[in-house]
There are 2 protein chains.
Amino acid sequence: MIKQLTNEELQQGLTTIPGWTVNDAGKLERNLTFDTFQAAFAFMTHVALIAEKMDHHPEWFNVYNRVKIELTTHDAGGLSKRDLKLAEAVNKLV
Amino acid sequence: MIKQLTNEELQQGLTTIPGWTVNDAGKLERNLTFDTFQAAFAFMTHVALIAEKMDHHPEWFNVYNRVKIELTTHDAGGLSKRDLKLAEAVNKLV
């Protein structure tokens, strides 16, 4: 079982991942727009490799040059350090 | 401007793309489940290359081993032959 973040840990964590918010579903969310589909999918491919290595995967939606990413930890029943870590890794790419 | 399919063309087209339905939003939709995230993303990568070549892109959602694909043609204000063609190409992969 992975531990859910405390509210304090979450608030602290959010300061380290600009662009991410907690959405109505309680998930970390970031929306990105690229110049082209190629650029959007290249980004997704990069995130996919990182996610697979972390064994922590996003819920994400893509249409053309837009990508919406949502993060949560099912095993924690909410947000965990894993989500912050993946969000940080995404931010390093963009 | 790309022509929208007539209802007859759509009904005929649907018979050639098993697994696809027209959803409430009037888009072609197919839901696929793979064994792993690796398999799901490998499939998405293959579709991405085909879509880019066709210059016709899906709206899609992925979480772990599941992929939901929706097709529509914005320039036609609805479904067009392009959607049928991309749906057929997806079916050849799965």
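This note walks through the contact between the two chains and then the pockets of a predicted model.

1. A good place to start is where the chains meet. Here 15 residues of chain A are in contact with 15 residues of chain B. Together the two chains bury about 1,500 Å² between them, and carbon and sulfur atoms give 70% of that area.

2. Which three residues supply the most of what chain A buries against chain B? They are A:Phe37, A:Phe41 and A:Trp60, with 34% of the area.

3. It also helps to see which elements of chain A take part. Helix 2 (37-54) and strand 3 (59-63) each supply at least two residues of the side that touches chain B. The largest share, seven residues, comes from helix 2 of chain A. Sorted by class, this side of chain A has nine nonpolar, four polar and two charged residues.

4. As for polar links, the count of salt bridges between chain A and chain B is zero. Four residue pairs are found in polar contact across the interface, both residues of each pair being at pLDDT 80 or more.

5. Now to the pockets. The largest pocket has a volume of about 300 Å³ and is lined by 16 residues. Nearest its centre lie A:Tyr64, B:Asp55, B:His56, B:His57 and B:His74, so do look at both chains here. Its lining has four nonpolar, six polar and six charged residues.

6. The second largest pocket has a volume of about 210 Å³. Of its 14 lining residues, A:Asp55, A:His56, A:His57, A:Thr72 and A:His74 lie nearest the centre. By class, this lining has four nonpolar, five polar and five charged residues.

Notes: Residues numbered from 1 in each chain as written. Chains lettered and ligands numbered in written order. Predicted model: local features only at pLDDT ≥ 70, side-chain atom pairs only at ≥ 80, totals over all residues. Heavy atoms only, no water. 1 Å grid on protein atoms, 1.4 Å probe; cavity = no way out; pocket = protein on both sides within 12 Å on 5 of 7 lines; lining within 4 Å. Points joined across faces, edges and corners; volume = space filled by probe spheres on them. Nonpolar A, V, L, I, M, F, W, Y, C, P; charged D, E, K, R; others polar. Contact = heavy atoms within 4.5 Å. Buried area = accessible area lost by both parts, 1.4 Å probe. Salt bridge = Lys/Arg side-chain N within 4 Å of Asp/Glu carboxyl O. Polar contact = N/O pair within 3.5 Å; in protein donor to acceptor, adjacent residues only side chain to side chain. Helix = DSSP H or I, 4+ residues; strand = E, 2+ residues; numbered from the N terminus.
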